[in-house]
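I opened this model to look up a helix end, a pocket and a few strand residues. My notes follow.

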Amino acid sequence: MRLDVEGHEPVAYGVDEAGRGRRLSALPDEPTVVISTDRESFAVLAGGRRTPREGAVRIVGDVDLGHR
């Protein structure tokens, strides 16, 4: 998964054989899913108190995985 938050360098995460997520040292050429958003919407999602405004989060690739 690649995460693109406006104003920050993209980061990527993978799931290892034990099912644990970890940050990757390099961005994959073809990530399974890419999530792009602005800073405010990322904070809203991370806080979990409400949903971000319509269209503020874009998911490309495996949409089901992106929603999880």
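**Helix α1**

I began at the helix start: D38 caps the N-terminal end of α1 (residues 39-47), with a side-chain oxygen 3.1 Å from the backbone nitrogen of E40. Helices here are DSSP runs of H or I with at least four residues, strands are runs of E with at least two, and both are numbered from the N terminus. At the other end I found G48, which follows α1 and has a positive phi, near 70°.

**Ground rules**

I noted that this is a predicted model, where local features need pLDDT of at least 70, side-chain atom pairs count only at pLDDT 80 or more, and totals for chains, interfaces and linings use all residues. Residues are numbered from 1 along each chain as its sequence is written, and side-chain values use heavy atoms, with hydrogens and water left out.

**Hairpins**

I then checked the strand pairing. Strands count as paired if DSSP finds at least two bridges between them. β1 and β2 run antiparallel and are joined by 2 bridges. L3 has V11 of β2 as its bridge partner. The two strands make a hairpin with 5 residues between them, and G7 in the turn has a positive phi of about 90°.

β2 also pairs with β3, antiparallel, over 3 bridges. Here G14 is matched with R22 in β3. This hairpin too has 5 residues between its strands. G19 in its turn shows a positive phi of about 85°.

**R2 and D4**

I looked at R2, which sits in strand β1 (residues 2-5). Is R2 buried or exposed? R2 counts as partly exposed, because its relative accessibility is 23%; the scale, for a 1.4 Å probe and protein chains only, sets buried under 20% relative accessible area, exposed over 50% and partly exposed in between. D4 lies in β1 as well. D4 counts as buried because its relative accessibility is 18%.

The side chains of R2 and D4 make a polar contact at 3.0 Å. I use that term for N or O atoms within 3.5 Å; within protein, one must be able to donate a hydrogen and the other to accept it, and residues adjacent in sequence count only if both atoms are side-chain atoms.

Contact means heavy atoms within 4.5 Å. Beyond four places in sequence, R2 touches residues including P10, V11, L27 and V33. With the same neighbours left out, D4 is in contact with P10, V34, I35, S36 and T37.

**T37**

I followed D4 to T37, in strand β4. T37 counts as buried because its relative accessibility is 3%. Its side chain reaches the backbone oxygen of A56 at 3.0 Å. Contacts of T37 beyond four places in sequence include D4, F42 and V57.

**Largest pocket**

Last, I asked which residues lie nearest the centre of the largest pocket. They are I35, L65, G66, H67 and R68, out of 27 lining residues. I recorded about 630 Å³ of space in this pocket. A pocket is an open set of points on a 1 Å grid over the protein atoms alone, where a 1.4 Å probe fits, with protein on both sides within 12 Å along at least five of seven lines; lining residues have an atom within 4 Å of a point. The volume is the space filled by probe spheres set on the points.

Elements supplying at least two lining residues each include β2 (11-15), β4 (33-37), α1 and α2 (63-67).
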